[in-house]
Amino acid sequence: MRDAPTRGMVGLLAVAVFPALVVAAHGSSERGQAPSDRDASAYQAVVEQYCVTCHNERLRTGNLALDGARLSRVADDADVWEKVLRKLETQTMPPPRRPRPDATTYTEFASWLEMKLDAAAAVDPNPGRPTLHRLNRFEYANAIRDLLALEIDSEALLPGDDMAYGFDNNADILTVAPGQLERYISAARKVSRLAIGDPSIEADVARYPLSSLLVQNERMSEELPFGSRGGTAISHHFPLDGEYVIRIQLQQNSGRRESQEIDVRIDGARVALLPVGRWPEGHENAERAETAGSSLTVRVPARAGTRMVSVSFAEHTMVTEGVGPRHLPVWTFATGRGFVERMALESVEIEGPYNPDSLGPGPDGESEKASRRRIFVCSPSRQPDQRLGRTEEACATEILTTLARRAFRRPVASGDIDIEVLLDFFRAGRAEGGFDRGIQRALENILVDPEFLFRLERDPPDVPPTTAYALSDIELASRLSFFLWSSGPDDELLEVAAEGRLSDPLVWEQQVRRLLADTRASSLVTSFAAQWLHLRRMRSVTPDVNAFPAFDDNLRDALVRETELFVESQIQGDRSVVDLLTADYTFVNERLARHYRIPRVYGSRFRRVTLDDPRRRGLLGHGSILTVTSLATRTSPVVRGKWVLENIFGTPPPPPPPDVPALPESNRDTTPQSLRERLELHRASPVCASCHVRMDPLGFGLQNFDAVGQWRERGDAGTVIDSSGVLPDGTAFDGPVELRQVLLTRRSEFVRTVTEKLLTYALGRGIEYYDRPAIRAIVRDAERDDYRWSSLILAVTRSMPFQMRRSEP
Amino acid sequence: MIITKKAIPRRMVLRGLGASVALPLLDGMVPALTALGRTAAAAKPRWGVVYVPHGAVMNHWTPQQQGSGFEFSRILQPLAAFRDRLTVLSGLDHAPAAQLPGDPAGGHGRITGAFLTGVHAKPTEGADFEAGQSVDQIAARQLGQETELASLEIGIGLPDFGGACDAGFSCAYISTLCWSTPTTPLPMESRPRAVFERLFGDGGSTDPAARRERMERDRSILDAVTEKVARLKTDLGARDVSKLDDYLSAVRDVERRIRRAEADVDRELPLVERPQGGIPASFEEHVKLMFDLQVVAYQADLTRVISFMMTPELTAQTYPELGVPDPHHALSHHENNPESLEKLTKIQTFHAGLFSYYLDRLRATPDGEGSLLDQVMILYGSGMSNSNLHNIQKLPIVLAGGGAGQLRGNQHIQYPDETPLTNLYLTLLSKMGVPTERVGDSTGELAHLTDL
């Protein structure tokens with residue numbers, strides 16, 4: 001194990017170990033000697049000639065002054081020069097109609113400046129210093145899952161987290177407020193009791209409402225029986241073996257008069273078939289069926305654990321899913337509550353447990369709870385032979401040491417003071433309610449321990465202030481697992497770290513690849529990509545029901561699922577990140593295929609389809625992204641253009657001044673005006689134009705996709721859609737296919753943007769000017785492997801800011 | 001009065017209590033405890049804020065006449081039934097929310113950050129966010145000494161922008177109004193069940209012995225946490241230590257609460273139902289449930305300071321049920337389009353209607369000699385006037401409640417230009433017996449609130 005004294009200053013250690021750093025530092029220093037002062041003064045003259053007129057100490061246009069900064073000492077003003085470099089690369093300054101240097105000067109100055117900045121960073125690296133990191137709600141839930149084999153509803157247990165720099169794992173904003181600790185204490189009590197299967201858990205109700213915008217006219221999910229209609233499948237945690245009340249509420253709609261049977265299943269096995277509605281006279285169900293009340297109740301036995309509860313309508317007609325088209329429902333919105341006219345569920349409630357232990361022993365002779373198996377690594381009452389004679393205390397020590405190691409994400413010795421404290425809790429609980437109660441009390445304490453709730457990184461004692469140093473292997477293990485899994489390290493990663501082997505580049509790469517291949521890496525999709533691409537906003541978008549009557553929650557869910565499956569297939573398939581923009585396939589179910597007008601896709605199951613239509617290819621053809629970048633009533637080329645600038649090019653435009661109004665809706669009394677004509681109006685103002693000249697054309701390229709991502713030829717006012725655009729540099733395109741070609745010519749900007757987003761997410765802090773050299777090194781490193789996901793992710797984990805930290809000033 | 005835990009039909013229990021603790025929107029019969037038994041006759045002022053975003057269509061907000069004979073404007077019409085307990089304050093300004101040279105454009109972060117603090121929010125997206133101690137927290141320092149919770153912060157629909165909250169301003173500014181120190185924003189809770197458990201605890205039991213035992217255990221956990229933090233702090237950096245100190249101060253807060261609760265552990269309890277896990281599907285239901293919880297919190301005297309953000313600035317909430325499918329924020333940049341102004345007016349009238357639900361519940365709840373409405377001082381309003389321009393002058397502000405005999409009601413008062421909003425805060429603090437020298441940019445107490 002690499003211990004504190006040898007961790008020392010780096011420059012030396014990390015550079016020696018990690019190829020990416022070697023390349024960056026070595027390459028830079030070699031090139032760093034070449035440019036002479038002559039270059040510096042020549043380029044200084046360029047700055048004087050073209051920039052200083054506006055960017056000087058007196059005017060500070062754009063809050064930038066260049067007259068004091070000297071190119072002969074770029075390190076002194078690296079923040080300023082990084083800004084200049086960005087403008088040189090994109091050739092966006094000086095502004096239009098101002099004198100500007102020729103193209104060669106732009107590129108040569110840019111590469112010279114980049115080299116100087118990289119060289120300066122190699123001499124004096126600044127890895128930054130993320131604040132103490134509290135686990136966010138998502139990470140907390142994952143940590144509980146991995147620690148206790150227990151799926152929890154963290155949204156019910158803990159408050160949500162704010163976002164900063166686009167992500168909710170930003171350490172700066174993960175603060176602790178007084179009310180929060182109460183929530184943690186309360187969550188710790190509930191989680192620990194669930195985990196050990198505390199027999200004294202009181203009955204509670206969980207309510208699962210179905211959105212009124214969910215059309216329940218088809219099979220809703222792969223978890224529901226074949227041939228079923230409507231309803232829902234719920235992954236519910238049953239805390240104990242016992243009896244549970246399942247209460248089903250029907251929607252108040254005209255479908256209540258149907259004759260139907262509700263099929264209730266737990267883990268696929270039917271536990272009830274309830275006739276509801278009006279049955280014909282003389283039918284055996286006519287007497288039994290519930291007609292009056294809207295609430296149906298069934299009491300069923302269930303074994304402890306997380307189980308799939310499904311509630312759906314049993315269809316009596318023959319349905320051969322996946323063979324032929326289902327005919328579309330006639331939608332009305334008379335009730336104003338959605339498009340329902342068939343009998344539909346409003347909510348499902350599960351209440352319990354009642355009469356715990358009434359079921360008798362399970363197949364294994366005891367409760368089958370996965371979380372108990374995870375926790376009770378030994379048992380004082382039924383010792384296997386080789387453990388005979390061990391006391392309860394020894395077993396408790398073993399259990400708690402294992403738990404503490406996983407929870408605190410570091411090696412824990414049995415004599416550790418933390419274990420002593422936990423044993424005190426164990427003894428108190430043991431005296432009061434037996435062995436299990438003792439473990440539960442200690443576990444409860446672990447779950448509010450600051451070492452569990454926070455990720456700690458400590459400066460080694462021998463490092464001078466404000467100095468870059470390499471993180472310890474144990475700290476790196478957590479950085480890695482929280483990056484790729486949004487959770488703590490598993491036993492193997494922790495073990496490798498404890499043995500000090502993570503500094504071996506081969507071991508590091510092997511661990512990164514192992515974590516990436518694990519199912520837990522899906523958090524890169526559900527957390528990283530969902531936030532980067534603004535997918536999470538799909539939950540709250542509300543397209544106008546009059547303009548888009550077909551938009552229901554089935555479509556909402558399908559749109560999100562499409563993008564998730566697509567990004568997952570890209571990462572798991574280790575494609576080049578550039579393929580995100582170009583891939584010729586996607587994932588659809590019947591609902592989504594209808595939306596995209598892709599023929600011959602039937603049923604609720606998602607499947608991969610090849611996109612023969614090039615217009616739909618890549619992320620920019622995804623309905624999810626096209627919807628979150630639209631307004632409720634119409635598309636917004638501005639918002640879409642801004643999304644592209646921000647998430648593809650990494651150059652978000654500054655916000656508009658406060659007194660700039662949004663576009664008025666087109667006035668129906670006068671001549672129809674196309675959106676383009678209306679937008680041209682406010683681009684006439686020079687203040688607006690400076691940004692909109694970059695945003696709007698990009699958005700117009702996507703105008704054929706309406707506000708919920710459906711293809712259209714004509715706009716709201718009946719005008720033919722014009723999806724052409726001209727970028728500030730004169731590049732012209734027409735439609736999404738040509739727009740994509742334009743984006744591909746600027747693929748390096750896209751890769752850099754993905755890198756920035758990944759690094760922001762991996763570090764849990766905002767990107768600063770001093771990270772730019774590292775970002776360039778990551779991109780260079782990944783370029784050799786065609787920017788494959790694994791190469792980019794590996795390069796991020798090997799980068800200086802990931803491997804190092806800056807000591808306190 | 002004794003309440004058994006037997007399955008008494010809900011309505012019977014509530015009627016039997018003779019007190020209006022029925023929570024029409026709360027479901028799921030799980031009893032929890034509160035303190036009703038010791039309703040002392042002494043008047044207890046309570047402080048409240050109900051915030052609505054994106055200003056108001058002022059010509060539909062401001063009543064035409066001043067003084068006590070004023071006619072309710074269109075937006076305020078739903079509040080007409082509470083005339084005697086209502087004051088409309090016109091002309092108050094919110095200067096600290098102004099955009100300073102060099103500030104990023106985003107006005108909403110500045111406006112929310114300054115609303116209760118009277119301090120210009122520091123423009124930053126990083127960890128160095130800074131505003132000021134908010135007026136509710138100044139009040140809570142004193143009013144909170146006698147209650148289990150010093151204050152309660154709740155809100156609905158906290159922003160989900162899929163990115164930065166407001167350009168150049170940390171999400172901390174948008175997602176709360178309340179700051180216990182200039183650098184400690186207090187998050188607002190949006191889940192009814194979490195609010196309920198914060199008020200009444202998470203145990204299903206009303207048994208004092210069980211409650212006492214739970215507190216004992218909480219205390220031993222808190223002790224262990226305190227010791228652990230002390231061990232960890234020795235080799236951490238200053239910023240990290242300050243974050244752990246926040247954690248510790250949270251520990252002390254819970255300890256204080258336990259001490260208070262222990263002192264009253266044998267109090268008699270009404271039966272209150274615990275809301276179920278999820279957030280209600282409809283905005284209206286959600287708001288009303290949050291108002292119900294505020295009524296219960298005041299009634300059981302668990303806290304005397306509540307801040308409620310009905311919806312946040314920048315919200316994309318739509319109101320199809322009002323015929324307004326447009327997202328609220330986009331609509332608020334109305335460009336004086338008559339159609340947009342009409343839609344905004346509908347939203348604002350609807351919000352006022354929800355507020356009237358709250359006032360109605362307060363009036364129906366006995367407290368001391370009268371009703372809760374007689375005791376409270378609740379500020380209702382927004383941090384801007386004309387949302388199209390993010391105007392921060394002449395804000396839409398209403399004051400509701402009798403303030404334990406301190407507020408007169410039935411008035412529309414027009415204040416001179418440039419009267420700081422914080423002068424109102426200063427006045428209210430003084431009326432609640434929390435004399436304060438200054439709040440943000442305040443210059444002195446407001447006239448006319450009691451003595452017209």
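How near do the axes of helix α17 and helix α29 of chain A come, and at what angle do they cross? I started my notebook with that one.

**Ground rules**

I noted that this is a predicted model, where local features need pLDDT of at least 70, side-chain atom pairs count only at pLDDT 80 or more, and totals for chains, interfaces and linings use all residues. Residues are numbered from 1 along each chain as its sequence is written, while chains are lettered from A and ligands numbered from 1 in the order in which they are written.

**Entry 1: α17 and α29 of chain A**

I looked up α17 (residues 505-517) and α29 (residues 789-798) of chain A, and their axes come within 11 Å and cross at roughly 125°. Axes here are lines fitted to C-alpha atoms, for helices over the stretch in contact, with angles running from 0 to 180 degrees between N-to-C directions. Helices are DSSP runs of H or I with at least four residues, strands are runs of E with at least two, and both are numbered from the N terminus.

That angle makes α17(A) oblique to α29(A). The scale I used: under 35 degrees is roughly parallel, over 145 roughly antiparallel, 65 to 115 roughly perpendicular, and the rest oblique. The crossing of α17(A) and α29(A) is right-handed; that is, the near helix is turned clockwise from the far one by less than a right angle, where anticlockwise would be left-handed.

On the α17(A) side I wrote down A:E509, A:V512, A:R513 and A:L516, and they meet A:S790, A:I793, A:L794 and A:T797 of α29(A). Contact means that the C-beta atoms of two residues, placed from the backbone, lie within 7 Å. By class I get four nonpolar, two polar and two charged residues in this contact. Nonpolar covers Ala, Val, Leu, Ile, Met, Phe, Trp, Tyr, Cys and Pro; charged covers Asp, Glu, Lys and Arg; the others, Gly among them, are polar.

**Entry 2: α18 of chain A**

Next I asked: how many of the 10 residues of α18(A) are buried? Nine are, so α18(A) is largely enclosed by the rest of the structure. Buried means 20 or more other C-beta atoms within 10 Å of a residue's own, exposed means 12 or fewer, and partly exposed is in between, with C-beta atoms placed from the backbone. Among the buried ones I listed A:L524, A:F528 and A:W532. The buried residues of α18(A) pack against α7 (137-148), α15 (473-485), α19, α23 (637-649) and α27 (747-763) of chain A.

I followed up the partner α19 (residues 553-572): its axis and that of α18 (residues 523-532) come within 9 Å and cross at roughly 115°. That makes α18(A) roughly perpendicular to α19(A). This crossing is right-handed. A:L524, A:V525, A:T526 and A:A529 of α18(A) make the contact with A:E564, A:V567, A:E568 and A:I571 of α19(A). Just after α18(A), I found A:H534 with a positive phi of about 65°.

**Entry 3: a hairpin in chain A**

I checked β5 (residues 259-266) and β6 (residues 269-277) of chain A, which pair in the antiparallel sense over eight bridges. For two strands to pair, DSSP must find at least two bridges between them. A:R265 stands opposite A:R270 in β6(A). Two residues sit between the strands of this hairpin, and A:D267 takes a positive phi near 50°.

**Entry 4: the sheet in chain B**

Over in chain B, I traced seven strands forming an open, mixed sheet in the order β4-β8-β2-β11-β12-β3-β13. Its edges are β4 (152-155) and β13 (411-420), each with a single partner strand, so one side of each is left without a neighbour in the sheet. Neighbouring strands of this sheet are turned by 15° against each other on average, direction ignored. β3 (residues 86-93) pairs with β13(B) in the parallel sense over six bridges. B:V88 stands opposite B:H412 in β13(B).

**Entry 5: where the chains touch**

How many residues does each chain bring to the contact? I noted 69 from chain B and 63 from chain A. On the side of chain B that touches chain A, α8(B) gives the largest share, 12 residues. That side of chain B divides into 30 nonpolar, 22 polar and 17 charged residues.

**Entry 6: chain A overall**

Last, I logged 30 helices and 16 strands for chain A. Of its 809 residues, 47% are buried.
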